[in-house]
Amino acid sequence: MGIIETFVLSVIATIGTTSVLVSNILYLGLYAGIGLGASYLAGQVSRLFVQKPSVPKPEDGSFNLKQNVPSLPIVYGTVKKGSDYVFLEEKSGTAYHILVWCGRRINNFTQHYLHDEKVTVNGSGVVTSPSHFGSNVTILSRRGLNAETAYAPVVSAFPTIWSNNHRGDGLASVMMSCRTVSQNDYLDVYPSQMPEHSAAGEGALLYDPRKDSTQAGGSGSHRYDNPNTWEFSRNLALIRLDHLTKPYGGKLSYADMYMPDWMNAADVCDELVTNRSSATEPRYHGGIWFRANNDATEVGRNIDEAAELVVYERPDGLIGVHAGEYVAPTVRLTQSDIFAISVDKNRRKAATVLAVRGRYVNRSNDYVTEDAALYGDPYGIVDDDSERTRTFDNICIQSHNHCQRKQKLTYTRANARRVQITADYRAAKGVTYSRFVRVHWPSRGLAEAIIEITSGVTRDLRNMRISFAGILVSSSLYDFNAATEEGEPGAVIEPAPDSGVPIPVNFSVSIETEVVSGGSTAAYGLATWDFVDDSLIYELEWEPTDGSEPARSAFSTAGQIEVRSSYLADGKEYKFRLRAWGGGSKSAFTAYQTLTATADPVAPGPVTGASLTGGAGEAEFDWMAPNSANYFASRLYLNTVNDFATATLVATEYGAAAANDARTVTGLSAGTYYGFIEAINSSGVAATEVAAGSAIVT
């Protein structure tokens, strides 16, 4: 074996677990290395030392990226993420944002968010919920078809820099427009300032060989060379197949794939399993997003790990995959086939894992990364030398049941016995393309033992030997009883709705008076309410009920529980209401309270010497005005019965205090009339009425 091949095998033998290892095998061209030659293999090895950006965590997509020409984002399955800005301009008080959510065609946007608030849009794209946005925000979207359509509002507003040719072909994007509102309403409409858009959506369409009638065992219209025939899926095997055939992934072609393996893996991923709620869900479904310049090996490793896939190269040079299931070994090694064996019972306390902590992306909780229930018992053995917990974290997993199944596998593999074997090439050559091997050496405690291969397989062609390492597992490796093993996930914490600034409590308004210049009095409204917090100020608004004046308002100072209006027109009816302000935002108004402004609440004295004299179609009132400083006028009433309550006001006579006064009322029908006189002040406050007697009108 040459130096290059020996070096590569040693490198691979030092990195990772099963899925990590075999993913790297594919990228390094291990199995095809000898046939491809040293120059190719050396080039692949050099890629190990090229630093590429790490795959972003789900939380890394919680904001929109503003930078020059970011690497394209790729979305598989369902995820929630922000976007990359490609346009941001303002015109006539409206800001226009165009953001790219995915660098290839997607199936659909399922939910839009503005600052993590779920929003509802109507058929025109106008945000209708939450209601505080009013109709000021519009969201339009494009799925990234081969020939897309430019956003008409942007073309109309900026025809010189954005035309109908700016279509965004192949880019799933969103246009968000936000209108400016008045300063008083700004924080009510935009409580978190300019909206920050993010979206949940169904990512790339995927080729499914099971739905391709040109593939053996397939049936349907899918064709790998026609993406328009593909469909959306969260199946992790199909996601991995797509990733391997893309420039940002394995850079292979579909013709390089051994489709029967991939079809079986897809079937395994679609198998239904029962979760702790007695509902069913697919065995290995999930989602992931990353950028085109992220490390393709790391992306593949996450997908492989989530779906328990092992990608490998077959003897015929095609790329196959071992599905996430137990398959009875086809290779059986006995003592006579084995040259050397090492068995580590893995019973050291320091290496014992008592429990596994898992983290997954919870789709039902807006794609937040959460902790799953512990698998195992971290306090089962009181010994500080033990590794009490090990953390399992995979960004592709979006189900608690899925995460728990992976936690169990992590726990099992961490505590399993380990073996290293060197065997005869002729008996063990199938190991190179296997995931499980059967070994029978009873004296070493391996009676028909099943070994899961966890290392690179070293081929020593000079001595015709094969070496590998693995762990001892059982045929029930993937068995899982959700009722007893899944545990209870943490409760989903529902964010408390923002109730905004509280509406004033126990609002009351009264008409008060005070003496102004010249000794006269003026009326004003005085509002009071219950104290809530020193940070709040209150706005009292008032206007005449007849609409003769515009509404006016006055503000309290912080910490006060009353505020007064300006002077009111004497005798006019007003309506009052109150609202609170805090942090630049305001509450709703209270209901109106209606009061009449009264500058002088003290009635003058009653008139004296009142009399009524009849005539032809008329009656004459005579009286002496009261000697009151606030006397203003007298109201004259007539009735055909001796009852003031049902009398009719027929005239108002203005005059001086303590003066004799008279007034003739004409246009009366013949009959007997009873008169009443009521003295009033300038605010219309009346003294006790005085009867003027009766008179006959002819």
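Visitor: Where is the place of Asn 275 in this model?
Guide: The model is a predicted one, and in it the stretch to look at begins after strand S12 (272-274). The chain then runs on to strand S13 (280-282), and the place of Asn 275 is in the loop between S12 and S13.

Visitor: Is Asn 275 buried or exposed?
Guide: Leaving aside its neighbours within four places in sequence, Asn 275 is in contact with Glu 281, Asn 401, Ala 482 and Glu 486. Its relative accessible area is 12%, and because a residue under 20% falls in the lowest class, Asn 275 counts as buried.

Visitor: Which side chain does a polar contact of 3.1 Å join to that of Asn 275?
Guide: Among the residues in contact with Asn 275 are Asn 401 and Glu 281. The polar contact of 3.1 Å runs between side chains, and the partner of Asn 275 in it is Glu 281.

Visitor: What relative accessibility does Thr 78 have?
Guide: The place of Thr 78 is in strand S2, which covers residues 78-81. Beyond the neighbours within four places in sequence, its contacts include Gly 201, Phe 232, Gly 287 and Tyr 367. Thr 78 counts as buried, because its relative accessibility is 4%.

Visitor: Which side chain does a polar contact of 3.4 Å join to that of Thr 78?
Guide: Two polar contacts of the Thr 78 side chain can be set side by side: one, of 3.1 Å, is with the side chain of Arg 363. The other, of 3.4 Å, joins the side chain of Thr 78 to that of Arg 234.

Visitor: How many residues of helix H7 are buried?
Guide: At the start of H7, a side-chain oxygen of Asn 235 reaches to within 3.0 Å of the backbone nitrogen of Ala 237. The buried residues of H7 include Leu 236, Arg 240, Asp 242 and His 243. The helix is mostly covered, and of its nine residues the number buried is nine.

Visitor: Is H7 oblique or roughly antiparallel to H8?
Guide: Helix H7 and helix H8 (residues 259-270) pack with their axes 7 Å apart, at an angle of about 140°. Since only angles over 145 degrees count as roughly antiparallel, the relation of H7 to H8 is oblique. The contact is made by residues including Leu 238 and Leu 241 of H7 together with Trp 262 and Cys 269 of H8. By class, this contact has nine nonpolar residues, no polar and one charged, while the term for the angle remains oblique.

Visitor: Is H7 roughly parallel or roughly antiparallel to H9?
Guide: Helix H7 (residues 236-244) packs against helix H9 (residues 296-307) at an angle of about 160°, with the axes 9 Å apart. Because angles over 145 degrees belong to one class, H7 is to H9 roughly antiparallel.

Visitor: How many residues in the contact of H7 with H9 are nonpolar?
Guide: From H7, Leu 236, Ile 239, Arg 240 and His 243 take part, and they meet residues of H9 that include Val 299, Gly 300, Ile 303 and Asp 304. In this contact two residues are polar and two are charged, and the number of nonpolar ones is seven.

Visitor: What separates the C-alpha atoms of Tyr 631 and Thr 245?
Guide: Tyr 631 is found in the loop between strand S37 (618-624) and strand S38 (633-639). It is buried, with a relative accessible area of 8%, and its side chain makes a polar contact of 2.6 Å with the side chain of Ser 634. Tyr 631 and Thr 245 are 386 residues apart along the chain, and the separation of their C-alpha atoms is 100 Å.

Visitor: How many Å apart in space are Ile 451 and Ser 474, C-alpha to C-alpha?
Guide: Ile 451 is found in strand S25 (residues 446-453) and counts as buried at 0% relative accessibility. Ser 474 is 23 residues away from Ile 451 in sequence, and in space the C-alpha atoms of the two are apart by 8.2 Å.

Visitor: Is the peptide bond from Ser 129 to Pro 130 cis or trans?
Guide: Most peptide bonds are trans. Pro 130 lies in the loop between strand S7 (127-129) and strand S8 (137-142). The bond that leads to Pro 130 from Ser 129 has omega near 0°, and it is cis.

Conventions: Residues numbered from 1 in each chain as written. Predicted model: local features only at pLDDT ≥ 70, side-chain atom pairs only at ≥ 80, totals over all residues. Heavy atoms only, no water. Axes fitted to C-alpha atoms, helices over the stretch in contact; angles between N-to-C directions. Helix = DSSP H or I, 4+ residues; strand = E, 2+ residues; numbered from the N terminus. Parallel < 35°, antiparallel > 145°, perpendicular 65-115°, else oblique. Contact = heavy atoms within 4.5 Å. Nonpolar A, V, L, I, M, F, W, Y, C, P; charged D, E, K, R; others polar. Buried < 20%, exposed > 50% of the residue type's maximum accessible area, 1.4 Å probe, protein only. Polar contact = N/O pair within 3.5 Å; in protein donor to acceptor, adjacent residues only side chain to side chain.
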